[in-house]
Amino acid sequence: MENHTEVTEFVLEGFEDEANTQLVLLILFLVMYIITFMGNAGMTIITSVDSHLHTPMYFFLKNLSFLDICYSSVITPKAMVTLASGSKLISYKGCATQMFFFSLFGTTEAFFLAVMAYDRFTAICSPLLYHTIMSKKICICLMGVSYLFGFVNCCTQTGFTFSLSFCEPTKINHFFCDVPAVIKASCSDTFVNELVLLVLCGFIIVTTAVIVIVSYAYIVTTILHMPSVKGRYKAFSTCTSHLMAVSLFFGTVFFMYAQPGGMSSPNQGKVMSVFYTIVIPMLNPLIYSLRNKEVKEALKRQFGRKGFAL
């Protein structure tokens, strides 16, 4: 293994250096981060305090909201500090820490979305056994397994990436320490790292996507065999929010990590990274609240108790 301890910091090249562009991006990131934090914190609170939402589906939704706060907070505040101060430096340890937690929360979210698809499959295809199958113990175990996969991936990715050699000046063509961008900044042979990245991310995306696709294949089949139009509509309406969230997340992540060309277009990669690190965590609570009758009713109940009209 080559020595890489001589490098103590990296330069995040980020976006264009024009003052107007930096200001627009700073305001945009700030607004989106506030919406992300408030929206997901609100979803976490409402699913915790309203007893009508103490079901497996909302247990997972509450934890997804917590993940989205963490996921976005690993990247956005540092990006805003960089845009505001103009300093593009990040320490070696800071870069490794950012990569570790970003990989942890990103991978965990992928498995969480798969678990939520399985939850909808159980609720629609086996409604009489739903609360038996999706007991509190099982829900906690599924959450733990999701975090376990996230931990294994982030340890592997961060360990492999920071075993590489980096030579001064080390410039990362990105606005955060994403694995492909840091690998490209290395002066070592990165073939093994790129292969590990492709295999691991491919495994994660394929595994979770298969769970989602198979779950929804059974869900659609079950819904189509329902005799009542009202019943079909009600069953499908419980899945639309999750389908939208899954499509946004997996579509973007697949574009970034599960194709060989994903590492060859840094500027395109930055745009897509903004989408899945900042935009998707902001949209998730909006998708789940605006398109979810139970959440809207819970909000009315809670605001009603506080004396507000909604």
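How do the residues lining the second largest cavity divide into nonpolar, polar and charged? Let's work towards that by walking through this predicted model, starting with the cavities and ending at a pair of packed helices.

The model holds 3 cavities of 30 Å³ or more, and the second largest cavity encloses about 100 Å³ of space. If you have the viewer open, you can select its lining: L12, E13, G14, F15, Q22, F29, A79, T82, L83, K88, H174 and F175. Two helices, α1 (19–49) and α2 (56–85), each provide at least two of these lining residues. The largest share, 3 residues, is the contribution of α2. Now for the opening question: the lining of the second largest cavity is made up of 6 nonpolar, 4 polar and 2 charged residues.

Next, the helix pair. Two packed helices are described by the angle between their axes and the distance between the axes. Here, helix α3 (residues 92–125) packs on helix α7 (residues 191–224) at an angle of about 20°, and their axes lie 9 Å apart. Angles under 35 degrees count as roughly parallel, so α3 is roughly parallel to α7. Their crossing is left-handed.

Which residues make this contact? From α3 come T107, A110, F111, L113, A114, A117, Y118, R120, F121, I124 and C125. Facing them in the contact, α7 supplies I204, T207, T208, I211, V212, S215, Y216, Y218, I219, T222 and I223. Sorted by character, the residues of the contact of α3 with α7 are 16 nonpolar, 5 polar and 1 charged.

How values were computed
Residues numbered from 1 in each chain as written. Predicted model: local features only at pLDDT ≥ 70, side-chain atom pairs only at ≥ 80, totals over all residues. Heavy atoms only, no water. Axes fitted to C-alpha atoms, helices over the stretch in contact; angles between N-to-C directions. Helix = DSSP H or I, 4+ residues; strand = E, 2+ residues; numbered from the N terminus. Parallel < 35°, antiparallel > 145°, perpendicular 65-115°, else oblique. Left-handed = near helix turned anticlockwise from the far one by under 90°. Contact = heavy atoms within 4.5 Å. Nonpolar A, V, L, I, M, F, W, Y, C, P; charged D, E, K, R; others polar. 1 Å grid on protein atoms, 1.4 Å probe; cavity = no way out; pocket = protein on both sides within 12 Å on 5 of 7 lines; lining within 4 Å. Points joined across faces, edges and corners; volume = space filled by probe spheres on them.
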